[in-house]
Amino acid sequence: MSTIAAPRPTDAADAPASGRPGHPDGDPMQVQTQQKPDTSKVRRAAAASFLGSMLEYYDFYIYGAAAALVFGRVFFPGSSHGALLALATFGVAYVARPVGAVVLGHFGDRIGRKKVMLFTLVLMGASTFLIGCIPSYEEIGWLAPALLVLFRLTQGFSAAGEQSGANSLTLEHAPEGRRAFFCSWTLSGTQGGFILASLVFIPVASFNEEFLATWGWRIPFWASAFVLLLAYVLRRKLEEPEIFVEGHKNDDDAARTTEATPAADKMPIVEALQNQWRDILRVILCAFIAVTGSIFSIFGLAFATSDAVGVSESTMLWVAITANAIALGIQPFMGILADKIGRKPMFIGGTLGCAVFVFVYFHAIMTGNVGLIFLTAILLTSICYSAPNAIWPSFYAEWFNTRVRYTGIAVGTQIGFALAGFAPMIAWALIGDSETNWLPVAILTAVCCVVSAGAAMTATETFKTPLARLGARDTVTA
């Protein structure tokens, strides 16, 4: 596949070295773009993205584990629907995410990726730490669940801009032909966060019931401060991508690849909705694949450890740790492969694989065979889910131009992720009084996967498109 761009008389300064040959007279700007990329910047960006995503998903998973195992009796004692209400608080963060996507995406595209990424990191870390400080319902009554919901909303607001900024910054620093590899480290951070959260929660879950319900569950939330500190120190050293800086020095720079109205010039969301609404809609539908992750990590834990099914909590935590540890090692290779053969085959193949193996995984849980549970979890999460998880940071980001990339990814993913956020609650409602009727949950997950794969099929393959041409309406692929 080759990329053919309509010629422009002023694009000599922005065309990457791989885009077209330089002028024989040695234009200074052209020579500069042909120099070997500074991989130290993209490595720092990938590392900072990894740590930021690790913090976000550490928070995500410790909250999910606490909601599945503890919060029902701590914040909703006496209610016959305590488990359902606790899982509902897990999903409520996704109400704030679309709002956060618009606000944080706007500032990320207007004032810079780095500043917004520092803000989201601090807000996420502070919200998580404060959740660990909330007194129980028995101590302060209804104010306890109200504070829980409040801090969960601030978590959701900050999370809306975390990965979108990390993906944008890493992609814009990455050299041609290696964008998927470097961007995959953002989502590898989700595995790192899950592993860290699970390792912290295993000894916590072994505490006696009284200590777990009073102080034990708080320890993982307070421990997030260490990850926050490390991520903040590294993130302060980041630099804004050159293409972003140059695009904001001159409105006629080639980074501006769409014609914008005066309103759109100040509001990236307006420009994105005017010119790239199809791409935003595609991201929303592709993001349904995230349902697989929340069903596996949150609902699967609550379902398998329920009295009706009876798998031990420690077993399921180790299942999750093992599957995610393997995924942590596999996802960078998925990115390398996507840089060789394209984004679409990897994303679509992995997504359809999830649609199949989710049935196999729940069947294994019902058998109670620990070895089979481990094997099917690895096939579902480490292999199938790792493919779209590693690819989407570059896949989605490459659909947008630099001026609206942060906004486009943030709005699209956070609307799509809302279904994933409420999926554990919806799943728990679907099984009804049976508590072992997993088939409707597997069907729901499979349908979401098929929708995601179908949306990805409509996308243009972008793995050979130069950075400056991404999101350009005058680019034709053949």
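In the predicted model, four cavities of 30 Å³ or more were found. The largest of these cavities holds about 220 Å³ of space. Its lining is made up of 19 residues, and those nearest the centre are Tyr57, Ala290, Tyr385, Asn389 and Phe417. Several helices take part in this lining: H2 (39–69), H4 (82–110), H8 (179–205), H15, H18 and H19 each give two or more residues. Helix H18 provides the largest share, with four residues.

Open pockets were examined as well. The second largest pocket has a volume of about 710 Å³. It is lined by 26 residues, among which Ala68, Gly82, Ala83, Leu84 and Trp428 lie closest to the centre. Two or more lining residues come from each of H2, H3 (71–75), H4, H9 (209–216) and H19. In this pocket the largest share of the lining belongs to H4, which gives five residues.

The fold that surrounds these spaces can be described next. The secondary structure of the protein chain consists of 20 helices and two strands. The chain has 478 residues, and 57% of them are buried. When contacts between residues at least 6 apart in sequence are considered, 84% of them join residues at least 24 apart.

The buried interior contains a largest nonpolar core of 127 residues, within which Phe71 and Phe362 have the most contacts. Residues up to four places away in sequence being set aside, Phe362 touches Ile295, Phe299, Phe303, Trp438, Val441 and Ala442. A second core, separate from the first, has ten residues, including Leu55, Met124, Leu228 and Ala231.

Two of the residues touched by Phe362, Val441 and Ala442, are also among the buried residues of helix H20. This helix covers residues 439–457, and its length can be checked against expectation. At 1.5 Å a residue, its 19 residues should span 27 Å; the C-alpha atoms at its two ends are 27 Å apart, and the two values therefore agree. Besides Val441 and Ala442, the buried residues of H20 include Thr445, Ala446, Cys448, Cys449, Ser452, Ala453, Ala455 and Ala456. A general property of the α-helix is relevant to such a list: there are 3.6 residues a turn, so residues three or four places apart point the same way. The buried residues of H20 pack against five helices, namely H14 (277–286), H15 (290–304), H17 (343–367), H18 (370–397) and H19 (405–431).

The cysteine residues were then considered. The count of disulfides is zero. For Cys384, the closest cysteine sulfur is that of Cys354, at 5.3 Å; a disulfide requires the two sulfur atoms to be within 2.5 Å, so this pair is too far apart for a bond. Cys384 counts as buried because its relative accessibility is 10%, which is under the 20% limit. Cys286 is likewise buried, with a relative accessibility of 0%.

Two further residues illustrate how positions distant in sequence are brought together in space. Met117 is located in helix H5 (residues 113–131). With a relative accessible area of 0%, Met117 is buried. Its contacts, apart from neighbours within four places in sequence, are with Glu162, Gly165, Ala166, Leu169, Arg235, Leu238 and Tyr406. One of these partners, Leu169, is 52 residues from Met117 along the chain, and the C-alpha atoms of the two are separated by 9.7 Å. Val103, by contrast, belongs to helix H4. The relative accessibility of Val103 is 33%, and Val103 therefore counts as partly exposed. In sequence, Val103 and Ala410 are 307 residues apart, whereas their C-alpha atoms are 9.6 Å apart in space.

Methods: Residues are numbered from 1 along each chain as its sequence is written. This is a predicted model: local features need pLDDT of at least 70, side-chain atom pairs count only at pLDDT 80 or more; totals for chains, interfaces and linings use all residues. Side-chain values use heavy atoms; hydrogens and water are left out. A nonpolar core is a set of buried Ala, Val, Leu, Ile, Met, Phe, Trp, Tyr and Cys residues joined through side-chain atoms within 4.5 Å. Buried means under 20% relative accessible area, exposed over 50%, partly exposed in between (1.4 Å probe, protein chains only). Contact means heavy atoms within 4.5 Å. The expected span of a helix is 1.5 Å times one less than its number of residues. On a 1 Å grid over the protein atoms alone, a cavity is a set of points where a 1.4 Å probe fits but cannot get out, and a pocket is an open set with protein on both sides within 12 Å along at least five of seven lines; lining residues have an atom within 4 Å of a point. Grid points are joined across faces, edges and corners, and a volume is the space filled by probe spheres set on the points.
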